[in-house]
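Open the model in your viewer and keep the selection box handy. We will go from stop to stop, and at each one you will hear what to select and what to look for.

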Amino acid sequence: MTSIEDPQDDLSVTAPKTWAVGVPAVAHAIEYSLSQNSPARTALTLLNINQTKGFDCPGCAWPEPTRRHLNEYCENGAKHINDEATTRRVTRQFFAEHPVAELDTMSDYWLNQQGRLTEPMVKRPGATHYEPIGWDDAFDLMARELRGLPTPDEALFYTSGRLNNEAAFLLQLFARAYGTNNLPDCSNLCHESSGSALAQTIGVGKGSVSLDDIYEADLVFVVGQNSGTNHPRMLSALEETKRNGGKIVAVNPLPEAGLIRFKNPQKARGVIGRGTEIADIFLKIRPGGDLALFQMLNKLLLDAEDAAPGTVLDHAFIAAHTSGFDAFAEHARTVSWEHALTATGLTRAEIEAVHQQVLASRKVIVCWAMGLTQHKHGVPTIREIVDFLLLRGNLGRPGAGVCPVRGHSNVQGDRTMGIWERMPQSFLDALGTEFGFTPPAAHGLDAVGSIRAMRDGKAKVFVGVAGNFVRATPDSEVTEAALRQCSLTVQISTKLNRSHTVCGETALILPTLGRSDRDIQATGEQFYTVEDSMSQVRTSRGRLDPASPELLSEIAIISRLARSTLGAESTIPWEEFVADYSTVRDRISRVVPGFENFNERVTAPGGMLLVNPVNKGIYRTASGKAEFTRNDFDMIDAPPGYLVLQSLRSHDQWNTIPYASNDRYRGIHHARRVVMVNPDDLAERGIADGDVVDIVSIWHDGTERRAEKFVAVGYPASRGSAAAYYPETNVLVPLDSVADISNTPTSKGIIVRLEPVVRRAGTDGDVRA
């Protein structure tokens with residue numbers, strides 16, 4: 001196995017790649033997998049991931065095609081599952097040898113590389129080390145803390161998308177039976193803007209398209225999304241679009257290799273040929289300029305209709321299925337070219353070329369990710385995209401629609417199961433009727449609200465189920481200080497991460513089964529379910545022996561905690577749920593709309609589809625129709641000398657955890673503390689390629705935040721922008737800098753300046769290999 005020492009920071013830079021995947025991706029996936037597992041164990045994981053009778057990839061939420069390949073995974077999926085299935089172990093001896101203060105100095109990479117957690121551990125008040133604790137004692141400790149709070153609203157129950165449907169349902173059930181709606185989740189940090197905008201405009205906060213729709217679309221927009229790193233299997237779908245004659249428009253501040261050319265390793269043309277050109281048009285837009293882009297496209301469609309009445313807009317669709325067109329159109333016609341070009345950084349010719357593609361296309365899909373959602377005006381941007389689609393009837397029919405691409409495996413399923421601080425009253429009523437109690441009606445706290453509550457002493461117990469809350473959240477120093485003020489922090493996890501080293505007065509680490517682990521309970525081997533980005537719900541069955549006999553499933557941990565906390569007076573059959581997961585699905589089928597006959601339907605080949613009501617012509621809005629909206633002409637206005645920074649992942653990273661210090665598609669090697677800036681912007685600031693700089697963000701209250709000692713790298717980014725990796729740059733995002741309406745941190749729109757520290761020794765300002 002390879003070394004688990006922190007890689008040395010030895011930056012070299014090569015030209016960005018102009019294609020993605022191919023044989024190198026296969027080689028990198030196998031290399032990392034074998035660094036974690038034996039060849040036999042690696043083969044077992046890779047042959048079972050995303051297969052009908054196997055386990056769902058714990059990585060992204062991209063759906064599986066109807067006809068699955070024997071190797072139905074991507075490079076990052078292979079790394080992710082073998083990272084989870086690693087044979088490395090973190091034992092009680094490890095914690096005895098490493099005080100918490102020492103662990104807190106180690107990198108995210110080092111912590112993750114130590115391996116799987118093997119038994120419950122506790123850090124008691126005043127202690128310097130974690131020590132073992134039995135499961136019964138751990139549950140008793142948590143129950144005492146929760147029962148001792150003045151109000152249930154001083155407890156927070158956070159989860160990430162790694163959680164399965166059954167466990168998510170039980171977590172929200174326990175929280176509400178306990179008495180709170182404080183259910184922050186990772187959606188609050190990423191796609192909350194999508195849910196807010198879509199709920200307002202079409203009545204449901206989910207996408208409306210399927211893989212078949214992607215395949216048959218005439219035109220697909222990929223906006224604010226790096227498919228080659230974050231959703232690599234999406235490239236196979238876009239390749240199919242191109243093979244069927246469709247066109248692709250990519251919109252991103254950085255040139256991304258996967259959106260330029262894709263070499264599919266499952267096809268001969270991807271191994272020995274050039275692969276497939278993906279983007280027909282690549283718009284290198286300024287961060288946050290997407291709102292102005294779609295506003296101008298909408299104006300151009302209205303102008304084209306005025307020039308040739310009855311030939312451009314879908315008037316029948318608009319009349320039958322929409323509301324608010326006249327007010328929208330009046331507002332849209334006032335968009336100016338000056339504003340559009342300033343906000344986007346594009347040329348008029350580029351925007352008009354896209355307009356011509358739109359006019360030539362009958363079936364249009366817009367896909368997006370956090371490049372849209374993590375902006376102050378993220379919700380208006382997505383509403384404007386809905387306006388764009390409504391104008392030509394591109395909603396609710398084959399080959400057309402909205403496609404928010406979720407970045408974590410079951411994040412959409414968690415929300416469907418009730419993990420939301422603001423679930424509708426109809427859901428709460430159904431839950432109360434099924435289980436014989438009255439759920440609290442008052443809205444709870446989201447992720448940002450939870451940090452504020454801990455900071456202000458209004459929340460004292462934090463329970464994190466999966467994920468890495470400390471490193472996923474904004475304003476790192478504020479977040480860490482807030483968690484350290486808690487009386488108890490609990491992390492239910494598979495592997496060590498930063499959230500275990502930033503802890504409350506008392507802290508618990510509770511190890512749980514992973515996606516790849518076999519789950520055997522009193523009634524035999526169990527499966528659970530997940531929901532992908534396109535509302536397909538399917539089963540997941542682990543195939544490996546658990547990392548330790550001490551591990552419990554998330555369902556068992558949540559149920560036993562609920563029983564310990566709520567006591568014998570709770571009539572909810574928690575023990576029954578642990579023994580047989582089908583009993584949980586029976587309850588889900590009676591509470592969650594669309595899950596009728598859940599146990600029977602989900603075991604069918606391919607699982608079960610939750611039909612989006614939009615595709616039946618049903619819009620759950622106040623008007624009963626899709627809503628056109630008027631959105632202000634907003635843009636990010638950075639002061640002279642400042643840049644707009646977006647935080648992003650490297651290619652060798654999944655969520656908050658890097659697997660190596662490389663980002664080979666962007667040509668960054670052996671370092672993560674880099675900031676990528678257009679060479680002309682560097683020159684204007686007197687900064688040379690290779691200089692070491694501090695990145696300083698500003699906030700309207702006059703405060704500044706600083707990320708120290710980053711190497712400036714000249715990169716073909718859009719003018720006025722910068723890019724750097726998270727979680728290293730989370731420190732720059734003010735807690736109060738959030739998207740309007742959705743409260744999502746604005747991690748893609750941070751106004752910063754670069755302060756030179758020192759020139760990189762021996763490079764003469766050049767770090768290129």
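Helices and strands on this tour are DSSP runs, numbered from the N terminus, with at least four residues for a helix and at least two for a strand. Please keep in mind that this is a predicted model.

**Stop 1: the backbone**

With those element numbers in hand, select proline 727, which sits in the loop between strand 33 (721-725) and strand 34 (750-758). Now add tyrosine 726 and look at the link between the two: the peptide bond from tyrosine 726 to proline 727 is cis, and its omega is near 10°. As background for this stop, most peptide bonds are trans, and most residues other than glycine have a negative phi.

Next, select serine 535. You will find it in the loop between strand 21 (528-531) and strand 22 (536-540). Its phi is near 70°, a positive value in a residue other than glycine. Is serine 535 buried or exposed? Serine 535 counts as buried because its relative accessibility is 3%, and the cut-off for buried is under 20%.

Then move to lysine 709, in strand 32 (residues 704-714). Lysine 709 is not a glycine either, yet its phi is positive, at about 55°. With a relative accessible area of 56%, lysine 709 is exposed, since exposed means over 50%.

**Stop 2: the largest pocket**

Select Gly203, Val204, Gly205, Lys206 and Arg620: of the 39 residues that line the largest pocket, these lie nearest its centre. The elements that give two or more residues to this lining are helix 9 (192-201), helix 22 (411-416) and helix 23 (425-435). Which helix gives the most to the lining of the largest pocket? Colour helix 9, which gives five residues. The space in the largest pocket comes to about 1200 Å³. If you colour its lining by class, expect 17 nonpolar, 13 polar and nine charged residues.

**Stop 3: helix 9 and its partner**

Keep helix 9 on screen and add helix 21 (residues 378-391). The axes of the two helices come within 8 Å and cross at roughly 45°. Helix 9 is therefore oblique to helix 21. Rotate the view to follow the crossing, in which helix 9 passes helix 21 in a right-handed sense.

**Stop 4: the cavities**

How many cavities of 30 Å³ or more are there? The count comes to six, and we will visit two of them.

For the largest cavity, with about 780 Å³ of space, select His408, Gly467, Asn468, Asn655 and Thr656, the closest to its centre among the 41 residues that line it. Helix 3 (75-84) and strand 17 (488-493) each supply at least two lining residues. Helix 3 gives the most to this lining, with three residues. By class, the lining of the largest cavity has 16 nonpolar, 18 polar and seven charged residues.

Finish at the second largest cavity, whose volume is about 310 Å³. Select Gly224, Asn226, Asn230, Gly371 and Lys748, which lie nearest its centre out of 25 lining residues. Helix 20 (370-373) and strand 25 (643-648) are the elements that give two or more residues to the lining of the second largest cavity. Its lining divides into nine nonpolar, eleven polar and five charged residues.

Conventions. Residues are numbered from 1 along each chain as its sequence is written. This is a predicted model: local features need pLDDT of at least 70, side-chain atom pairs count only at pLDDT 80 or more; totals for chains, interfaces and linings use all residues. Side-chain values use heavy atoms; hydrogens and water are left out. Buried means under 20% relative accessible area, exposed over 50%, partly exposed in between (1.4 Å probe, protein chains only). On a 1 Å grid over the protein atoms alone, a cavity is a set of points where a 1.4 Å probe fits but cannot get out, and a pocket is an open set with protein on both sides within 12 Å along at least five of seven lines; lining residues have an atom within 4 Å of a point. Grid points are joined across faces, edges and corners, and a volume is the space filled by probe spheres set on the points. Ala, Val, Leu, Ile, Met, Phe, Trp, Tyr, Cys and Pro count as nonpolar, Asp, Glu, Lys and Arg as charged, and the others, Gly among them, as polar. Axes are lines fitted to C-alpha atoms, for helices over the stretch in contact, and angles run from 0 to 180 degrees between N-to-C directions. Angles under 35 degrees count as roughly parallel, over 145 as roughly antiparallel, 65 to 115 as roughly perpendicular and the rest as oblique. A crossing is left-handed if the near helix is turned anticlockwise from the far one by less than a right angle, and right-handed if clockwise.
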